[in-house]
Amino acid sequence: MATDQALHGLDNLELSDVTRGESRAARLARKAWAATWPKLLAIVLVLAVWQLFYLSNFRGDTADHLLQSPAEVLPNLWQQLEHGLLLQAIGTSMERAVDGYGLSLVFGIVIGALVSRIPPLRAATGSIITGLQTMPSIAWFPLAIILFGGSTEAILFVIVLGSAPSIANAMIAGVDYTPPMLLRAGKVMGLRGLALYRYLILPSSLPTFVAGMKQAWAFAWRSLMAGELIVQIPGVASLGVLLNSDQDQLDFASTISVMIVILIIGIVVDGLFTKADLAIRNRRGLLDPALT
Amino acid sequence: MSVSDTGAVRLTDHRTQGATPPATQPGASALSDEKSPPAVRLTDVSKAYRTGRGELLALDCVSLSVGTGEFVCIIGASGCGKSTLLNLVAGLDRPTSGTVETGGRRVGLMFQEPALFPWLTAARNIELALRARGVPRQARRDLTRELLLTVRLGGFGDKRPHELSGGMRQRVAMARALALDADVLLMDEPFGALDAMTRDLLHDELERICAERTLTVLFVTHNVREAVRLGDRVVVLSSRPGKVIAEYPVPRHGPRRIDSAEVAQLAATLTDRLREEMGRHGH
Ligand SMILES: Nc1ncnc2c1ncn2[C@@H]1O[C@H](COP(=O)(O)OP(=O)(O)OP(=O)(O)O)[C@@H](O)[C@H]1O
Ligand SMILES: [Mg+2]
């Protein structure tokens, strides 16, 4: 049919990508630069403020080397990394973070799934879960230490209590906010029970869930750092242990170095979650194309 | 009542205030009684929605029966309860009073919005409907390809809904509704966002599929010509609350075209009737 072919021709116009007059390499370079310059600027700003703070010499401590400039601290960070103790501490802390976060995921998903499926449970526990989220994690430590002693378990206990509620909440919210229109489409298709969850409710709630995972990570990382400052296990180097001993020795440079490491790990992991979140929303057309 | 000069178009009007009594009762169309048992039967169906300040009556005592294999088009003013009616037939909602019977037939609904799953590609959306029906994998793939071709979207299977135009999304939704292989297909303004050329092609496809599968169709549209082009019968609903105020059987002499004189003539009569109804409500 002639109209038929004409129609395919029209539709196919939209299939071919519109290429602009820019080479691949140039576009990549432009993208890379667009991604890096804000970060570079942020670093420069922080260093500048720090340097000004140092120059202001507000406590008159500069001579005692209690306050040090970036030029003195950054070599210290490099040395610590070379020495190996810092790397070992990073390893310990990251291992705890991964374990604790993993446990949070398991508990959060199980609790979230149960609560969202069973209405009476929902009514009973909804406010408890939100309440748990507002509890400062440091307030759990006395209880954790009574229960588990000064051990890794105590730290993991607090991480789970701090971050599992975010996971559970995200799961419940994701299920709750499945668009009713899609639910009705699913019903017409005959999706029921487990299939309804697998093909409709869970994929639909993925963006909310990833946002919850990101929030849970932030809580987990904070709980971990608080935990490592409070619960110190003899003979095990962790970021918290290093911070504590640097504080005891009034070692400004080493303290700042460890803090920089903590900050960078937090930022990098957060960045990974943001990337995942953006990728998911982009796939679903939830981002404004004018902004991407 | 008006009768066309050829006498081929027989009109049935149910105006209560009309001088002549209606020839047939709503829901008891000559066509559905004589030719086939009803696939869908609505008896005195009313639907009221609870709103903040009370109740809103969307449908008022609607009786309608649709014969097996019959193609019934529904027209009526915006907000008169057409989508509500389809939701009730699909079992997505329950009537406030009255009964809806579909005799255990499989009912498929194509919504007014495409309602595609945004995380799935066009092809996967269609495939999911097949999967829910239990079609094996290889057959799913073939059927999906076939359905995409039917709605003229052969090259767009791997696009996600947000990458498609409004009319393309409607067509994917149509393919998905067809994938359900229902006995009764409900379509809510399925071709509203299409250009005339694509729409005409899809009219032909729909007609072909209906004949192939003996589909029973309830088809909502605002386009009077489209209703006459496709329907065996056109049902006119009053403004809210929706009520059946007229039924127009459409005689069939072989294939019809939307721009034929026959279609235009009945469409003109229908448009007058609709205009009269809307005028009554001061639209
Ligand atoms: N869930 C709801 N809650 C309250 N009122 C509703 C609801 N759904 C529809 N209505 C009301 O019922 C009436 C009929 O709505 P419906 O969607 O069936 O109209 P329609 O005939 O399909 O209109 P259109 O041609 O514009 O699609 C409208 O007045 C609408 O406001
Ligand atoms: Mg509608």
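Start by selecting chain A, where buried residues (those under 20% relative accessible area, with exposed meaning over 50% and partly exposed lying in between, for a 1.4 Å probe and protein chains only) make up 39% of the 292 residues. This is a predicted model, in which local features need pLDDT of at least 70, side-chain atom pairs count only at pLDDT 80 or more, and totals for chains, interfaces and linings use all residues. Residues are numbered from 1 along each chain as its sequence is written, chains are lettered from A and ligands numbered from 1 in the order in which they are written, and side-chain values use heavy atoms, with hydrogens and water left out.

**Chain A as a whole**

Colour chain A by secondary structure, and eleven helices and zero strands appear; helices (H or I, at least four residues) and strands (E, at least two) are DSSP runs, numbered from the N terminus. Of the contacts in chain A with a separation of 6 or more, 70% are between residues 24 or more positions apart, where contact means heavy atoms within 4.5 Å.

**Two residues in chain A**

Next select Ser223(A), which has its place in helix 9 (residues 193–230) of chain A and counts as buried, at 1% relative accessibility. Leaving aside neighbours within four places in sequence, Ser223(A) is in contact with Ser137(A), Phe141(A), Val158(A), Ile159(A) and Gly162(A).

Then move to Met181(A), found in helix 8 of chain A, which is buried with a relative accessible area of 16%. Which residues does Met181(A) touch, not counting residues up to four places away in sequence? They are Phe111(B), Glu113(B) and Ala115(B), so selecting these three carries you into chain B.

**Helix 3 of chain B**

Select helix 3 of chain B, where eight of the eleven residues are buried, so that this helix is largely enclosed by the rest of the structure. Among the buried residues are Ala122(B), Asn125(B), Glu127(B) and Leu130(B). To see what surrounds them, show helix 8 and helix 9 of chain A together with helix 4 (137–150) and helix 5 of chain B, against which the buried residues of helix 3 pack. Following helix 3 of chain B is Gly134(B), whose phi is positive, near 85°.

**The magnesium ion**

Now select ligand 2, a magnesium ion coordinated by Ser83(B) through OG and Gln112(B) through OE1, at 1.9 to 2.2 Å. Ser83(B) lies in helix 2 (residues 82–90) of chain B and Gln112(B) in the loop between strand 6 (107–110) and helix 3 (122–132), so the pair ties together parts that are 29 residues apart in sequence. Donors are N, O and S atoms within 2.8 Å of the metal (3.2 Å for Na, K and Ca), and because water is not among the atoms, sites may look incomplete. Both residues are partly exposed, Ser83(B) with a relative accessible area of 25% and Gln112(B) with one of 36%.

**A cavity lined by both chains**

For the last selection, show the residues lining the largest cavity, including Ala185(A), Val188(A), Met189(A), Leu109(B), Met110(B) and Arg176(B). The elements that give two or more residues to this lining are helix 8 (180–189) of chain A together with strand 6 and helix 5 (166–179) of chain B.

**How confident is the prediction?**

Finally, note that the model scores ipTM 0.81 and pTM 0.78.

Technical notes
On a 1 Å grid over the protein atoms alone, a cavity is a set of points where a 1.4 Å probe fits but cannot get out, and a pocket is an open set with protein on both sides within 12 Å along at least five of seven lines; lining residues have an atom within 4 Å of a point.
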